[in-house]
Every structure is written in C-alpha cells, then in structure tokens.
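Let's take a walk through this fold together. Have the 3D view open and turn it as you read.

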Amino acid sequence: MAYEVVIGLEVHAQLLTASKMFCGCGTAFGAAPNSQTCPVCLGMPGVLPVINHKAVEFAVRTGLALHCTIAPLNRFARKHYFYPDLPKGYQTSQYELPICEHGWLEIGQNGTSKRVRIRRAHLEEDAGKNLHAGIAGASHVDLNRAGTPLLEIVTEPDMGSPDEAVAYLKALRDILVYLEVCDGNMEEGSLRCEPNLSLRPVGSKELGTKVELKNINSFKFVKAAMEYEIKRQAKVLNEGGKIAQETRLWDTEKGETAVMRSKEEAHDYRYFTDPDLVPLRITTEMVEEARKSLPELSADKHKRFMEEYGLSDYDAGVLTADKATATDFEVASQTLVDDGFRKKDIGKELCHWITVDLRGLQNKFNLPKFAGTTSVHSVEKPASQEEVSWVQITHEGVPQLFKMKQRGEISGPIAKSVLEEMFTTGKSAAEIVKAKGLTQVSDEGALEKIIDEVMAKNPQQLAQYRSGKEAVFGFFVGQVMKASGGKANPAKVNELLKKKLAC
Ligand SMILES: [Zn+2]
C-alpha cells in the first residue's frame with residue numbers, strides 16, 4: 001500500500017531575555033549549577049511570580065512576523081506533571097488563551113511556495129535539567145534553566161514530507177534570529193523541535209494516528225528521525241498492525257526511534273488558570289508599537305537584494321541565510337555607495353567577497369559560527385599579535401580593500417592575500433599594500449619589459465600563437481602575472497599582450 005505522510009511541528013524557542021519568565025534570575029547559558037535561582041523559580045510556597053514584559057514583547061513581535069492575531073486577553077495556566085527538574089510540580093504555560101493564533105509562514109521559492117498554518121504560539125517557562133554524570137553515578141538537578149521563557153510555536157499538520165518540515169524549521173529559525181528574540185542555536189537547545197507525524201493511504205482524507213518525536217537537536221537529525229519514522233510506521237501498517245499514539249525518542253547513535261511514553265491527553269495535565277498571575281492584557285498600542293519595530297525579514301531582504309543589486313536567487317539566498325552575513329554585506333556596500341559606486345556594479349563581486357573569501361577566513365581562523373554583528377570577536381592566532389576585530393574588518397576593512405581593487409590600485413589575487421593579512425595582523429589594507437609594495441603595476445613601459453622577457457623565454461608558445469593557436473594567449477597572461485608577482489594590472493596586460501603577440 002502507498003502512504004502519504006502528514007507532519008506538524010512544535011517548536012520551543014528560548015527567548016533572549018536577560019531574566020526569567022516570572023522572576024529576576026539571569027538566563028545566561030553555562031553558569032555554575034543552581035547559581036541562577038531564587039524562591040520563585042525554585043517553586044517555594046508563598047512566592048508570587050511576575051510576568052516578564054520583555055518576553056511578552058518578544059512573543060508579540062514573533063506573532064506579528066508569523067501573521068498571527070494577537071490576543072488582547074491572555075491567561076497563564078498550570079500544566080501539572082511530576083519530574084525531578086520541575087520543582088513546582090507544574091509548568092506555568094498558556095492553555096485556552098494563547099498569546100498568538102491563526103498565523104502562517106511561507107516556505108519554498110516562487111512557483112513552489114506553500115503556506116504552513118500556525119495554529120498557536122504561547123508563552124511558557126522551561127524546566128531545569130537533570131545531570132546524570134554525578135559522583136558515584138548519582139543524578140543531580142540543575143535548576144538554572146527552570147523558569148527560562150519559552151515561546152512554543154505549533155503548526156497545523158500541513159507538511160507533506162521531511163524536506164518540507166525542515167524548510168519550515170529553517171524559515172522559522174531565520175525569522176526568530178532576524179527578530180533577535182532567539183539565538184536559534186539548536187545544539188545548545190535554544191531551539192527545540194518536536195515533529196508529529198502520521199501516515200494515511202494516498203488519497204485518504206482522514207488523518208492517521210500520530211506519533212510525536214522528541215530529543216532532536218539538529219536539522220540533520222530532524223530529517224533522519226522523520227525518515228526513519230515513516231519507514232517504521234509503513235512497515236507496521238503493511239503488516240496489519242496499528243500505530244500507537246505515543247511519544248518516541250530519537251536515538252542519534254542507533255539512528256532509530258524508541259518509545260518514550262504513551263501519549264498523554266490535555267486532560268491528563270489538569271490544566272487550570274494560575275491564581276497567582278493576573279490576566280495579561282495586550283493593548284492595541286503595544287501591538288502597533290511592536291509592528292513598527294519589526295525589522296526587514298530574510299525573505300523580504302532576499303527579494304530586495306535580487307532587485308537592488310541584480311544578484312541571482314542563489315547569491316541572495318547565501319547572503320540572507322543569516323542576519324550577520326546580510327549585515328556585513330549591507331554595511332560594506334553602503335560605504336561603497338557613499339563613495340559613488342552603484343549597487344548593481346558591485347553587488348556580485350562584493351557578495352563573493354563576503355560569502356566566499358571572508359567566510360573562508362572565518363572558518364580558517366575558527367570564528368564562532370553565529371558571529372554577531374554588534375559584538376567584537378577576536379581571532380585565534382599567536383599570542384604576540386594584536387587582537388583583531390571582526391566588525392572592523394568586515395565593516396571598514398573590506399570596503400576599503402574593495403575600493404582599492406576597483407580603482408585598479410591592486411590586482412584581484414593581491415586583494416585576497418591582503419584580506420587574509422588583515423585578519424592575521426589587524427593592519428589596514430592601505431598599510432599592508434604600502435609596506436609590501438603591492439601596488440598594481442599599470443605603467444606600460446614596466447609591463448612591456450616584462451612581456452618582452454616572457455616572450456623571449458617562450459619561443460615555442462609564441463610560434464604556436466602566431467600560427468593561429470589562440471588558446472596559448474592565456475598561458476602568456478599567466479606567465480606575465482607570475483613574473484610581476486601578481487602585481488600587474490590584468491586589463492593592461494591583456495591589452496599590451498594582444499598588441500605585442502600580434503606583431
Ligand atoms: Zn528565580
């Protein structure tokens with residue numbers, strides 16, 4: 001029997017607030033266990049939680065970016081369950097009145113784009129963490145994470161393949177990172193994804209029994225877990241079995257899913273309104289304020305880059321894949337535009353500098369993957385060298401170097417080597433070029449002298465060229481460039497070589 005898969009996603013995004021959802025404790029990752037706790041997030045009796053305004057603001061911004069309606073009246077509810085990392089015995093969440101509802105997110109490109117409906121997004125708090133590597137095999141509980149604000153974003157079952165689900169997840173992460181409400185780091189658990197998935201015979205309208213997958217911390221594993229689950233469920237159904245409604249864990253090592261628990265229903269949690277928290281009212285002014293502060297999102301930026309800079313769909317996609325790269329590109333290009341360059345003239349080459357050369361150096365020097373645009377990162381290098389600022393190089397150094405190349409002061413290959421030296425020394429492009437005498441040679445007399453020497457050294461190739469084998473021209477260009485130490489102006493070399501070789 002042929003089946004089709006129906007996928008819905010629940011995503012937990014950790015909000016980038018400085019303090020927790022209902023108390024003033026810090027949320028920084030990696031602090032000493034239980035150092036960021038207080039009576040409120042430890043669940044002591046008699047304490048009174050207070051709603052974090054910033055978290056509400058972040059939820060509203062995200063809801064607007066996802067085309068949701070923002071509920072004017074919100075309530076927090078208690079969701080009861082027992083686990084050692086949940087000291088209160090319940091999680092404070094939102095149940096029948098979530099903050100955002102009925103939105104959508106577009107995935108895919110023109111022609112094949114599709115809207116995935118967002119059912120709801122609600123605010124809640126995270127639980128702590130159980131650590132199982134204690135002394136003599138003991139387990140410990142770290143409650144630093146308990147009470148950290150989360151936004152849970154739930155889709156309708158609108159995705160028809162693991163690829164679509166991954167596309168949705170990437171698009172959602174893009175939005176959260178662009179909005180600066182979540183750092184999108186799946187490895188550190190700031191973005192957690194739980195797909196639910198069911199099979200039904202092709203053509204059937206009825207949904208099959210769904211299975212929820214947990215414990216997945218990368219795009220690669222999300223896809224692998226779903227692919228495994230589709231095969232497993234198809235096998236069960238083909239053998240005449242029934243799919244149990246359950247939650248399964250993805251085992252990265254074995255590459256398979258295993259039962260974690262049979263799926264609970266909402267009524268199992270005995271939800272009720274949290275009597276310690278006042279209803280949260282969101283005013284029209286607050287929503288409008290948030291709407292005004294929305295930044296340009298990656299899909300819009302992508303489109304604009306193609307129009308303004310004449311970039312290909314692919315190039316615009318690489319540039320906008322993360323906000324830091326897009327910002328590096330725009331800041332550098334703005335400096336050049338201020339200097340009289342036209343966006344369409346510099347777009348493609350500058351894009352290549354940023355996405356290939358600069359990112360290559362970023363990898364080579366092991367800079368953080370999510371290099372911020374406002375913070376200054378230093379490069380790993382011998383201790384004797386000065387600290388080099390990433391922002392300084394990308395936002396000031398790159399346009400300066402690019403200009404020198406565009407104006408013919410240095411050649412392309414020299415520009416590449418100067419860029420790398422800027423990284424390792426922290427010196428400016430002009431300083432390096434001057435100190436090393438790298439200025440491009442455009443002087444005809446000097447170039448002709450080099451060409452004459454190259455021609456004299458290669459009589460065989462000269463004869464070939466003159467007998468009509470024009471492909472040898474490239475060989476001469478290469479030899480002249482090499483003889484000049486990469487400093488010859490390639491356009492001039494071409495021009496002079498054509499003249500010289502012809503006579
Ligand atoms: Zn606290």
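What follows goes from the sheets to the helices that pack on them and on each other. Keep in mind that this is a predicted model.

Start with the 9-stranded sheet. Its strands come in the order 2-6-7-10-1-11-12-13-14, the sheet is open, and the pairing is mixed. At the edges you'll find strand 2 (69-70) and strand 14, each with a single partner strand, so one side of each is left without a neighbour in the sheet. For a look at one of the joins, go to strand 11 (residues 191-201) and strand 12 (residues 211-214): these two run antiparallel and are joined by 2 bridges. Pick out Leu197 there, and you'll see that its bridge partner in strand 12 is Val211.

Now for what sits on this sheet. Helix 1 packs on it, touching strand 2, strand 6, strand 7 (114-125) and strand 10 (149-155). The direction of helix 1 makes about 20° with that of strand 10. Helix 2 (residues 162-179) lies across strand 1 (3-14), strand 6, strand 7, strand 10 and strand 11. Against strand 6, helix 2 runs at about 110°.

Stay with helix 1 for a moment, since the sheet isn't the whole story. The axes of helix 1 (residues 53-65) and helix 4 (residues 284-292) come within 9 Å and cross at roughly 65°. That angle makes helix 1 roughly perpendicular to helix 4, and the crossing is right-handed. Which residues make the contact? From helix 1 they are His53, Val56, Glu57, Val60, Arg61 and Leu64, and from helix 4 they are Met286, Val287, Ala290 and Arg291. Sort the residues of this contact by class and you get 6 nonpolar, 1 polar and 3 charged.

Next, find the other sheet. This one is open too, with 3 strands in the order 5-4-15 and antiparallel pairing. Strand 5 and strand 15 stand at the edges, each with a single partner strand, so one side of each is left without a neighbour in the sheet. Strand 4 (residues 77-80) pairs with strand 5 (residues 90-93) over 4 bridges, and Lys79 has Gln91 of strand 5 as its bridge partner. Strand 4 also pairs with strand 15 (residues 272-273), over 2 bridges. In that pairing, Ala77 stands opposite Thr273.

Some aromatic rings are worth a stop here. The structure holds 11 aromatic pairs, one of them being Tyr95 with Tyr271, which is stacked: 3.8 Å centre to centre, with 5° between the planes. Tyr95 lies in the loop between strand 5 and strand 6 (100-107), and Tyr271 in the loop between strand 14 (256-262) and strand 15, so the pair ties together parts that are 176 residues apart in sequence.

Finish further along the chain, with another pair of helices. Helix 12 (residues 444-457) and helix 15 (residues 490-502) have their axes 10 Å apart and pack at an angle of about 55°. Helix 12 is therefore oblique to helix 15, and passes it in a right-handed crossing. Helix 12 brings Glu444, Leu447, Glu448, Ile451, Asp452 and Met455 to the contact, where they meet Lys492, Val493, Glu495, Leu496, Leu497, Lys500 and Leu501 of helix 15. By class, this contact has 7 nonpolar, no polar and 6 charged residues.

Technical notes: Residues are numbered from 1 along each chain as its sequence is written. This is a predicted model: local features need pLDDT of at least 70, side-chain atom pairs count only at pLDDT 80 or more; totals for chains, interfaces and linings use all residues. Side-chain values use heavy atoms; hydrogens and water are left out. Axes are lines fitted to C-alpha atoms, for helices over the stretch in contact, and angles run from 0 to 180 degrees between N-to-C directions. Angles under 35 degrees count as roughly parallel, over 145 as roughly antiparallel, 65 to 115 as roughly perpendicular and the rest as oblique. A crossing is left-handed if the near helix is turned anticlockwise from the far one by less than a right angle, and right-handed if clockwise. Contact means heavy atoms within 4.5 Å. Ala, Val, Leu, Ile, Met, Phe, Trp, Tyr, Cys and Pro count as nonpolar, Asp, Glu, Lys and Arg as charged, and the others, Gly among them, as polar. Two strands pair if DSSP finds at least two bridges between them. Rings of Phe, Tyr and Trp (its six-membered ring) pair if their centres lie within 6.5 Å; planes under 30 degrees apart count as stacked, over 60 as edge-to-face and the rest as tilted.
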